[in-house]
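Biologist: I'd like to go through this chain with you. Can you put it up, and we'll take it from there?

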Amino acid sequence: MATKKHDDHENYPTVVVTKTVTVHPKPSLHHPQQILHLSNLDRQCPMLMYVVFFYKPCFAYQNLALGSIFNSLKSGLEETLSIWYPAAGRLSLNQADGKLNLWCNNGGAVLAEAVTTAKIIQLGDLSQYKEFFERLAYKPVFHGNFSQMPLIVAQVTRFGCGGYSISIGASHSLFDGPATYDFLCAWASNSAILKEKRSTLQIYKPVHERGPLLVGTQHGQQQLTKLPESGSSAPSRGAAAIDHLHQLIKQALAGPDMKFGGSNFSNTGNSNLVLKTFHLSGAMIESLKIKVFGGESRGSFSCSSFELIAAHLWKARTKALGVRKGAMVCLQFAVDVRNKMVPPLPKGFSGNAFVLASIALTAEQLEGSSHEATIEKIKQAKNSITNDYVIAYNKALDGGAAQGSLPPINELTLVSDWTRMPFHTIDFLHGEAAYVSPLLSPIPQVAYFMQNPNDLRGIDVRIGLPPQFLNAFSHYFLTNLQ
């Protein structure tokens with residue numbers, strides 16, 4: 001899925017890759033080759049997901065050679081891959097069932113070195129996505145054969161001003177957000193750039209086996225006997241997110257603008273999306289809480305900033321896109337299930353451990369619903385994520401449907417909460433990053449909630465929108481926030 005160009009590539013100097021190496025685990029710590037069975041949660045989106053760290057010019061490393069930084073990152077990555085050994089492997093297709101698993105073959109990660117005469121200050125507001133950011137990432141050529149695609153790629157780029165960017169791409173089949181954060185913390189800790197290696201950093205030893213998330217294990221089978229028949233109305237035993245998604249697809253297929261059998265979902269199917277970041281300061285969020293709940297009169301009702309902003313965003317996006325009143329609209333958001341499982345997943349679990357919670361209303365019901373009522377439904381959806389829900393969700397994915405292949409649907413609002421993963425605090429170089437920006441993802445319409453390095457009480461909301469709806473969304477979303 002492409003995004004609409006809203007910055008001119010030609011305004012920026014080129015980025016020249018000067019070196020590319022394959023990085024393997026330390027020879028003394030090689031693990032024997034083995035197949036690591038993935039869960040259905042891992043298989044939803046096997047493509048690489050990228051983030052890019054920006055470090056502005058700093059006196060501490062102004063005279064440090066690019067080669068020295070590159071070698072330190074390479075050495076740290078070798079050490080990290082020795083513990084996080086699946087990251088040095090490749091995905092492997094099981095010919096018997098057509099499903100992807102992880103071949104731990106020590107094939108290695110890829111690390112690239114690059115230079116550009118561009119200055120970081122030329123990029124302006126780093127929170128606003130620019131197409132130029134994609135040039136700061138190493139992107140291996142992919143011809144559809146996952147067994148040849150590295151699971152970790154990175155590129156360190158020196159800017160003309162003396163600043164740096166470090167981009168990392170990780171396969172979503174390998175890690176989810178929290179596991180990616182732990183891996184990057186370990187890598188930064190093992191890379192002795194302007195600091196001693198910090199072996200005392202509180203990072204749990206990674207647990208790579210997927211355990212009870214594997215459909216077909218004894219634990220899983222005991223739970224799966226409780227699953228309802230298709231079409232059952234018992235929500236406590238089913239996975240609402242999957243049911244709602246199927247209903248949305250049926251609704252889109254039945255729409256007058258849908259070309260059956262294609263991917264032209266009404267209004268947005270072939271549109272290029274613009275990625276836009278809205279910074280909501282802590283003061284703006286508190287202002288919205290006061291306007292929604294009436295200040296001190298809200299009594300015992302409380303909500304998190306995530307719940308408040310998710311409800312506000314859902315209402316604003318649905319209104320801006322002009323969804324017809326009788327249409328079903330849905331809010332889905334990722335929930336970490338590490339502590340929802342029975343028993344909980346072990347500390348340091350390194351695979352994908354999230355499912356989507358889901359709420360469905362008609363557009364008319366959503367518009368007429370107060371923020372408080374919508375927030376209550378979000379709370380209920382969160383509380384519905386139990387061990388039974390996770391098992392049902394995992395089993396429902398057994399058909400191999402990938403969320404990443406879904407075209408944008410006006411009626412579906414997706415949210416991913418990164419606010420508990422302060423990527424900017426990972427000090428690969430010296431101190432915190434000026435900003436950490438996600439690059440274009442396989443699901444560009446998702447809204448990311450992220451920490452802002454300069455306003456820890458605030459939230460940066462990155463969302464992909466069709467360009468013709470951007471102004472309307474900005475208007476509705478910023479109402480009551482300014």
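**Contacts, surface and a sheet**

Modeller: Of the contacts (heavy atoms within 4.5 Å) in the chain with a separation of 6 or more, 81% join residues 24 or more positions apart. Keep in mind that this is a predicted model, where local features need pLDDT of at least 70, side-chain atom pairs count only at pLDDT 80 or more, and totals for chains, interfaces and linings use all residues. Residues are numbered from 1 along each chain as its sequence is written, and side-chain values use heavy atoms, leaving out hydrogens and water.

Biologist: What share of the 482 residues is buried?

Modeller: Buried means under 20% relative accessible area, exposed over 50%, and partly exposed in between, with a 1.4 Å probe and protein chains only. By that cut-off, the buried share of the 482 residues is 55%.

Biologist: Which strands are the edges of the sheet E2-E5-E4?

Modeller: Strands here are DSSP runs of E, at least two residues, numbered from the N terminus, and two of them pair if DSSP finds at least two bridges between them. This open sheet is antiparallel, in the order E2-E5-E4. Two of its strands pair on one side only, so the edges are E2 (34–36) and E4 (90–93).

Biologist: Which residue in E5 stands opposite Gln34?

Modeller: E2 pairs with E5 (residues 100–104) in the antiparallel sense, over three bridges. Opposite Gln34, in E5, you'll find Cys104.

Biologist: How many disulfides does the count come to?

Modeller: The rule asks for a pair of cysteine sulfur atoms within 2.5 Å. By this rule, the count is zero.

Terms used:
Helix = DSSP H or I, 4+ residues; strand = E, 2+ residues; numbered from the N terminus.
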